[in-house]
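Colleague: I am new to this structure and would love a close look at a single part of it. Could you take me through the salt bridges and their surroundings?

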Amino acid sequence: MGSPCSRYIVQKEIKKAVKRMREQEAVAAVQEKREPRVVRDFHPHTLRHTFATRCFENKMEPKVVQALLGHSSISITLNIYTHVLDKKMDEELQKFGSAKTQEREAYAGLDVKKVKITALSHC
């Protein structure tokens, strides 16, 4: 497998890939007579974060994700990389469908904001 790359090498390669994507998008936009789509910069850590999030979405055991990410503590892994996505939250709430009663409809006229709760929201 070889040795791990430094983050600087990975970041340099990502920048080159983003530059190529922007160039290709610019050419395609001219050919299709439209405005080019924005290709945003991103950092190597974005890939790590996405990987960890996808692991949890696919129900991978937290201890395995911790080992893969090299964290010394499971709490670091869980506090940083677990996110409840709106879709996932809605799916989980559907499990309580039988608990829906007329009481819920009594609150239908109220303007209630949907609040995202995260591991750090209590701080």
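Modeller: Happy to! Let me begin with the term itself: a salt bridge here is a side-chain nitrogen of Lys or Arg within 4 Å of a carboxyl oxygen of Asp or Glu. Side chains of opposite charge can pair when their charged atoms come close. By this rule the count comes to six salt bridges. Please keep in mind that what you see is a predicted model.

Before the pairs themselves, a little orientation will help. The protein chain has six helices and zero strands, so the order of its elements from the N terminus reads α-α-α-α-α-α. Of its 123 residues, 13% are buried. Its accessible surface is about 10,800 Å², and carbon and sulfur atoms account for 59% of that. If we take the contacts with a separation of 6 or more, 38% of them are between residues 24 or more positions apart.

Now to helix α1, which covers residues 7-31. Its 25 residues should span 36 Å at 1.5 Å a residue, and this agrees with its end C-alpha atoms, which are 36 Å apart. You may wonder how that figure arises: the expected span is 1.5 Å times one less than the number of residues. The buried residues in α1 are I14, V18, E25, A28 and A29. Part of what covers them is α2, residues 44-57.

E25 is a good place to pause. It counts as buried because its relative accessibility is 12%, and buried means under 20%. The side chain of E25 meets that of R34 in a salt bridge, with 2.5 Å from N to O. R34, for its part, is partly exposed, with a relative accessible area of 24%. R34 also forms a salt bridge with E32, where the closest N and O atoms are 2.6 Å apart. In the stretch just after α1 you will also find K33, with a positive phi of about 55 degrees. That is a positive value in a residue other than glycine. K33 sits in the loop between α1 and α2, and it counts as exposed because its relative accessibility is 78%.

Let us move along to α2 for another pair. There, R54 and E57 form a salt bridge, their closest N and O atoms being 3.2 Å apart. Both residues belong to helix α2 and are three residues apart, about one turn of the helix. R54 is partly exposed at a relative accessible area of 42%, and E57 is partly exposed too, at 31%. Unlike a lone pair, some salt bridges share partners, and these join E25, E32, R34 and R37 into one network. So when you look at R34, you can follow one of its bridges to the buried E25 and another to E32.

Beyond α2, the loop between α2 and α3 holds K59. K59 is not a glycine, yet it has a positive phi of about 65 degrees. With 60% relative accessibility, K59 counts as exposed.

The surroundings of α2 and α3 offer a nonpolar feature as well. F51, M60, V64 and L68 make a nonpolar surface patch of about 340 Å². V64 has its place in helix α3, residues 62-69, and is partly exposed with a relative accessible area of 41%.

One last stop is H71, in the loop between α3 and α4, the latter being residues 74-81. H71 is buried, with a relative accessible area of 15%. Its side chain makes a polar contact of 3.2 Å with the side chain of R48. A further polar contact, at 2.7 Å, joins the side chains of H71 and T77. Setting aside neighbours within four places in sequence, H71 is in contact with R48, Q66, I76, T77 and Y81.

To trace all this on the model, you could start at E25 in α1, step to its partner R34, and from R34 go on to E32. Then look at R54 and E57 within α2, and finish at H71 with its polar contacts to R48 and T77.

Key: Residues are numbered from 1 along each chain as its sequence is written. This is a predicted model: local features need pLDDT of at least 70, side-chain atom pairs count only at pLDDT 80 or more; totals for chains, interfaces and linings use all residues. Side-chain values use heavy atoms; hydrogens and water are left out. Patches are made of residues with over 30% relative accessible area and no salt bridge: like charges are joined within 9 Å, nonpolar side chains (Val, Leu, Ile, Met, Phe, Trp, Tyr) within 5 Å. Accessible areas come from the Shrake-Rupley method with a 1.4 Å probe; for residues, only the protein chains shown count as cover. Helices (H or I, at least four residues) and strands (E, at least two) are DSSP runs, numbered from the N terminus. Buried means under 20% relative accessible area, exposed over 50%, partly exposed in between (1.4 Å probe, protein chains only). Contact means heavy atoms within 4.5 Å. A polar contact is a pair of N or O atoms within 3.5 Å; within protein, one must be able to donate a hydrogen and the other to accept it, and residues adjacent in sequence count only if both atoms are side-chain atoms.
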